[in-house]
Structure formats: structure tokens, C-alpha cells
Amino acid sequence: MSSTLAIARMPRAGLPRVAQQALPLLYQHRLMATSQLHQLLTPHTRRPVYLLRQLGLLRTLQLVDATSHRNGRMGRGEQLWYITPRGAEVVERAGEVTARAYRMSPEAAVSQLQDHTLAVVDTGVAFTRWARVLGDECGPLDWEPELAHRVRDGAGDDAFLISDAVLRYTRTTEDDRRQLLTYFVEVDRATMHVSRLGKKLTAYARYASYVPQSLPGRPARSGTGREAWRDRYPAFPRLLIVFAGVAQRALQGRVSDLRALADADSRLRRTTGLAAGVTTLELLRAHGPWAPIVTPILGEPVPTDVLLQSSRGSAK
């Protein structure tokens, strides 16, 4: 048997534990910095020495590869890791995560989307770290990036809403009740005009009320007559917009503009099932999701936590 074929057929069970755990993370999250993997896989160690050894093993086996930050000295100054097609085959055979058609390439790993991809991971890492501290549940695979949701029948660019991520978090309250929470996460680095976020808000409002229709001459779709989201979620997810790397002065203006766009949107005013709020990655990291770090986009701008219970139409 050739060495290439032997690698392709290698079971994950033949790898050290940390190496086994790294593969599905890189498959699902696409591109991750060493520090992000360190926080998720080896948080009990001060330095990622052992982790880097395991990543080096995976790289030698051609299951993962690495690149540097596109901003060079102005960036993170650490390696960024992604899974190779061969590594993706190993993960998909294990069946631990949902198979995705997307494949990270060396070109995509150094593209202009690099910072945004890492910011989405940073948001998930922040939730996971606080869940660990608070005794809640939100693991390294409990958020999925780039999930598509149909918002109308037919084709075209506006037929799907693509969330930056869908995150699931199980909270244990002081009276030992468990809250199973789901969030649509949008990460904004202020690289585009705020009107883009306004359009995203409108798309989420459309999805909240979208009922699939049967097309002429085709069999009726299952679930026709009720909202499409009910086939995927027990309750309509809350929407959390996370600003990353935005200066305080620009942040205040961006939040005000977004709230004004929402207030002027008649569809958003009519939608009662959408609870939406905005926070920053810095606040989420420093204070956690259960501090008053979120400004509702709809209703009064009174700071609240990620439950958004003061927001109009908040889901349970």
C-alpha cells in the first residue's frame, strides 16, 4: 500500500486525542488561529506547546495545513490552520459533524475573508469559555458557520439567508432550570456600510414569517402552511450582531444608524417574533453573555443580556 493511500485510509482513532479533536474543529470552523485552538482544546496549559506538536503531526500526515495572517506584522503573528481535502475525508467518514460541501483552499485561507472568519470563531470561543466558567454548556462544535436558510420560493440571490453562524447554548439558571438557547450570529467588522446589516435584519424578519409554498405541478412540501424555521428550530432564534475591532466612536454611530434603519423598516415593525441585539466582541469576552452588554435593536435601547428579554417580541 502506498503512503498516500495509507494516509487517506487512516482512522482518526489512530491519532492522539488532541489531534483527533482538532480535525472536526478545523473542518467545521474552516480557519482557526493557534490561540483559538489552544483555548478550546488545551485551556489547562499556559502555552500551546503540546497542541503545536499535534498540529505538526497532522500537517506531516497531510491532514491539515497552515498559513500566516495576511496582515503580517500588523496581525496576530501566529499560524492559522485549516483542514486539507484528505483531512476532510477522514472527518466525514467519522460522521461526527454535519458534512459540508465547502473546502478551504490555500488561496481562500489567505483571502480578504480571513479576518472575518477568525472573528466568527472568536465569538464562538468567547461563548464556550464563559460556558466553562459558569457551568453552562457550549462546546467547540456548538456553533456552525455559514448556514443557509430559504426565505422565499424560487431561485435568485435573495432566495436564501446565510447566517454568519448559528450558535447553541444551554444555560443552567440559579434555580437549576435549563434553558436551551439558539442564536443567529452576525459578525460585523465595519468594513461595509451599515445598510448591509439593515438588509440582513430585513432578511431575518422575512425568515421569521416565511411559509414555503408548493409550486404548480409539484408535490406539496411537507410542513406547508407553517413557517419554515419550525422544521429546524424549537423557537425562532435570537439574533445577535457582534461588532469586532470597531473603535468606540464608530461603534456608537453604527449602533444608532442600525437602530434607525430598523425603526424605518415596516416589515421589522410588523414582525413580533424577532428579538435582535448588538454587542461587541470585547464586551462579550470581558463580561460574558449574562452581563448587560447587549443593546436591543428594536424597542428601547436599554442594555440587557443575550436573552434580550427587554426586546420587543423576545422569544422564550
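**Aromatic pairs and local contacts**

Trp229 is buried, its relative accessible area being 8%. That falls under the 20% limit for a buried residue. The model is a predicted one.

The aromatic rings were examined next. Nine aromatic pairs were counted in the model. One of them joins Phe184 and Phe236. Their ring centres lie 5.5 Å apart, and the planes meet at 70 degrees. The arrangement is edge-to-face. Phe184 belongs to strand S6, whereas Phe236 is in the loop between helix H8 (195–209) and strand S7 (238–243). The pair therefore ties together parts of the chain 52 residues apart in sequence. Phe184 and Phe236 are both buried. For Phe236, the relative accessibility is 5%, so this residue counts as buried.

Phe236 also pairs with Trp229. Here the centres are again separated by 5.5 Å. The angle between the planes is 75 degrees, and this pair too is edge-to-face. Phe236 thus takes part in a pair with Phe184 and in a pair with Trp229. These three residues belong to a cluster linked by ring pairs. Its other members are Tyr204, Tyr207 and Tyr233.

Strand S6 spans residues 178–188 and includes Thr182. Thr182 has a relative accessibility of 11% and is therefore classed as buried. Neighbours within four places in sequence were set aside for its contacts. Thr182 then touches Val166, Leu167 and Arg168. Contacts with Tyr233, Pro237 and Arg238 complete the list. Of these partners, Tyr233 is a member of the aromatic cluster.

Two arginines are placed over aromatic rings. Arg30 lies over the face of Tyr102, 4.0 Å from the ring centre. Arg171 has its charged end over the ring of Trp290. In that case the distance to the ring centre is 4.1 Å.

Pro48 presents a further local setting. This residue is located in the loop between helix H3 (34–41) and helix H4 (49–60). Its relative accessible area is 21%, so Pro48 counts as partly exposed. The value is not under the 20% required for a buried residue. Beyond neighbours within four places in sequence, Pro48 is in contact with Thr34 and His38. His38 and Pro48 are 10 residues apart along the chain. Their C-alpha atoms are separated by 5.9 Å.

How values were computed:
Residues numbered from 1 in each chain as written. Predicted model: local features only at pLDDT ≥ 70, side-chain atom pairs only at ≥ 80, totals over all residues. Heavy atoms only, no water. Helix = DSSP H or I, 4+ residues; strand = E, 2+ residues; numbered from the N terminus. Buried < 20%, exposed > 50% of the residue type's maximum accessible area, 1.4 Å probe, protein only. Contact = heavy atoms within 4.5 Å. Phe/Tyr/Trp six-rings, centres within 6.5 Å; stacked < 30°, edge-to-face > 60°. Lys NZ or Arg CZ within 6 Å of the ring centre and 35° of its normal.
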